[in-house]
Amino acid sequence: MKRWLVFLCLIVVTCWRPVLAQLTIDQQGKRLLAGRHLERYIGVENSSFSAILASSAFVPLDADVPNLGTSTSAVWLRFPIKNSSERDLDLLLEIAYPLLDEVELYSPSADGTYQSSALGEHRPFSARKYKVPQYVFDIHLPKQSETVLFLRVKSTEQIILPIYLTDEHRFMSQMNSESLISGIYMGIVFIMAIYNLFLFFSVRDKAYLYYVLYIVCAGVTQMGIEGYSFQYLWPSWPYLATRGPIIFGCLSGLSALLFADAFLQFSSNALRSRRIILIFIGLFSCGGILALSHLTQFAFFVMQATTGVGSLFVLYISYRIMINGFKPAKFFVYGWTVLLLGSIIFLLKDYSLLEYNNFTGNAVQIASVIEMALLSFGLAYRINILKQEKETSQAQALAISLENEQLIRQQNLVLEQKVSERTRELKESNTSLQTTLTQLKEAQSQLVAAEKMASLGQLTAGVAHEINNPINFVSSNVAPLKRDIKMIWETLAEVERIAFNTDLTDNEKQVQIKKFKEDLDIDYLKTEVDFLLKGMHDGAHRTAEIVKSLRIFSRVDEDTLQFADINEGIESTMIILNSLIDNSIAVEKRYGELPKVECHAGKLNQVFLNIITNAIYAINKKFNGRDGGKLWVETGIAEDRFSIFVKIGDNGIGIPPEIHDRIFEPFFTTKDVGEGTGLGMSIAYNTIAKHHGKIIVESELGQGSTFILNIPVEQKN
């Protein structure tokens, strides 16, 4: 009874065990499609190879090109092969789907153990024996033998397995054909990109730029799908190999939406649809960000879903725009429809709803080429429409111009009569105005002369005071110097008397001379003479500097422009005004390296004098002789490199905000009666204006003021 039970169990197990769909090879030289001979492991996920080898949980696949969908874990496959020929066969196992992240083959060795060889986008391309996008393994089959191979496959995208067994000659022939097709496609993409890029530089229409970006990103995406981007663009970057098709797919979608927006003119033809376009742009951006992270499978789903829904939406909007009369939209509708059909065929192939073959595998490339051509025609047609609209508008403008010309002729006759009448009235009033203007110029000249005389009086007092100090110093040193020189002459006479005394020996002469020098204190006498001479030299030098500064300040250049040193003019002004600056005012000078400036130097010195005098007045008003007053002068080259600036600042009483806009008005002054005429700042403003410069005033009440003068280096006519 027990024997029958055991026998029955063996029969059940035998019946339930799947039959090996063994691939039999009887000769070399064929290219065999092996999809229906594969068996998929359906046991525990993430099992080790030893567990897979011992397991019987395999089910046969019933498709020539199996589509295993997406999976977060690796997929195991068993592949039984039989060599029924009378010779050993050396074949190639080709997996013609480059988007697989990891492919690992376990094949039996001579001692019965299994050896593994791994390929995939997670390894550098240079590690491959065969430099092709597909995954290729060497298979050795002894004659009249049976072999079971195991494949471990993992991918972010759908796992599609077009597996072939072939020899090296047929394999290389097939690769050359596929490379030729892909090369033709990339050549078309390159030509389209260069052609439309030249058009963009010619017409400056951003639709061309978006179109170039779109076809370049679409071309790189297709290269990634075919595996050529990993082979030629980034063979040492597996990171981009696994994420490149997703990233450039998102970029392709982004640029396509931007191109549709510019080409179809959503802003005028479908304004409300732009908000939805922004949603799709956000989704594509999220897909690209997810692809850069470790969520590549989710990024692939976002990219595919957004591409599908976004393509349908843009097609719908373009169809509505075409119906509303925008003629270039028909090229977009036709091209987008072809591309959408190609994408649908490609997606149906990914989800096993269509058979995997050369047409379905290259459907997107074929549709993309047709779509690129149609969109290029659309862009050219759009240019022709714009050209026609421009010609029409020019014709309308010409007609309007001729009509306006006729109206102008009629109006001119009326205007000539009115102008004649008005001219007589103007001549009469002009005579009266000319008389008034002459009187005003005379009054202005008298006022300017009065201001100059006031400044001259101030300068005279200051210069007299400045020159008097060093002259007094020289005069006070003359009497002591005469006394010291007299003592030197007496010393020479005494030394001569001792030297010619024959009654004394040489030692006695030396002793007497030494004693006389000690009594006279000759060392102190020498020091005092040097000190007195230095003081007289300093006084004379100071007087010369003041005279030089006065000469520089009072240049006679009323009618001629000359190149002058602005720093030198400011320094001469400071020296002349030195008598007004007591020890309670700290002066800071920051002179920059300035080029010679073409100007009326004397007039500019008068401007510096007026502004610095006002600064000293403001400081004295605030501090009233106490310490704490500060006056600073800074020069430098302006940012435009064509002008220089002069900053004159103080920490005086400042300018009240209510009179800030009136400080350059003639006769306006805040000084007491007799302290100012109110013309100093007006003259300064007009002088800087004649030099084509400007004055900027920065002031805060109670904190001080800063006057910034900008003066061009050269005076342009």
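**Helix H3 and its neighbours**

Biologist: How far does H3 reach from its first C-alpha to its last?

Modeller: H3 is a helix (a DSSP run of H or I, at least four residues, numbered from the N terminus). H3 has 36 residues. Its expected span, 1.5 Å times one less than its number of residues, is 52 Å. The reach is close to that, at 52 Å.

Biologist: What kind of model is this?

Modeller: Residues are numbered from 1 along each chain as its sequence is written, and side-chain values use heavy atoms, without hydrogens or water. Local features need pLDDT of at least 70, side-chain atom pairs count only at pLDDT 80 or more, and totals for chains, interfaces and linings use all residues, for the model is predicted.

Biologist: Which residue follows H3?

Modeller: Its phi is positive. The value is near 60°. The residue is Arg204.

Biologist: Is H3 roughly parallel or antiparallel to H4?

Modeller: Their axes, lines fitted to C-alpha atoms over the stretch in contact, lie 8 Å apart. The angle, on a scale from 0 to 180 degrees between N-to-C directions, is about 165°. Angles over 145 degrees count as roughly antiparallel, so H3 and H4 are roughly antiparallel.

Biologist: Which helix gives the most to the largest nonpolar core?

Modeller: A nonpolar core joins buried (under 20% relative accessible area, 1.4 Å probe, protein chains only) Ala, Val, Leu, Ile, Met, Phe, Trp, Tyr and Cys residues through side-chain atoms within 4.5 Å. The largest has 58 residues, with Tyr211 and Leu264 among those with the most contacts inside it. H3 and H4 are among the elements that give two or more residues. The top giver, with 14 residues, is H6.

Definitions and conventions:
Buried means under 20% relative accessible area, exposed over 50%, partly exposed in between (1.4 Å probe, protein chains only). Angles under 35 degrees count as roughly parallel, over 145 as roughly antiparallel, 65 to 115 as roughly perpendicular and the rest as oblique.
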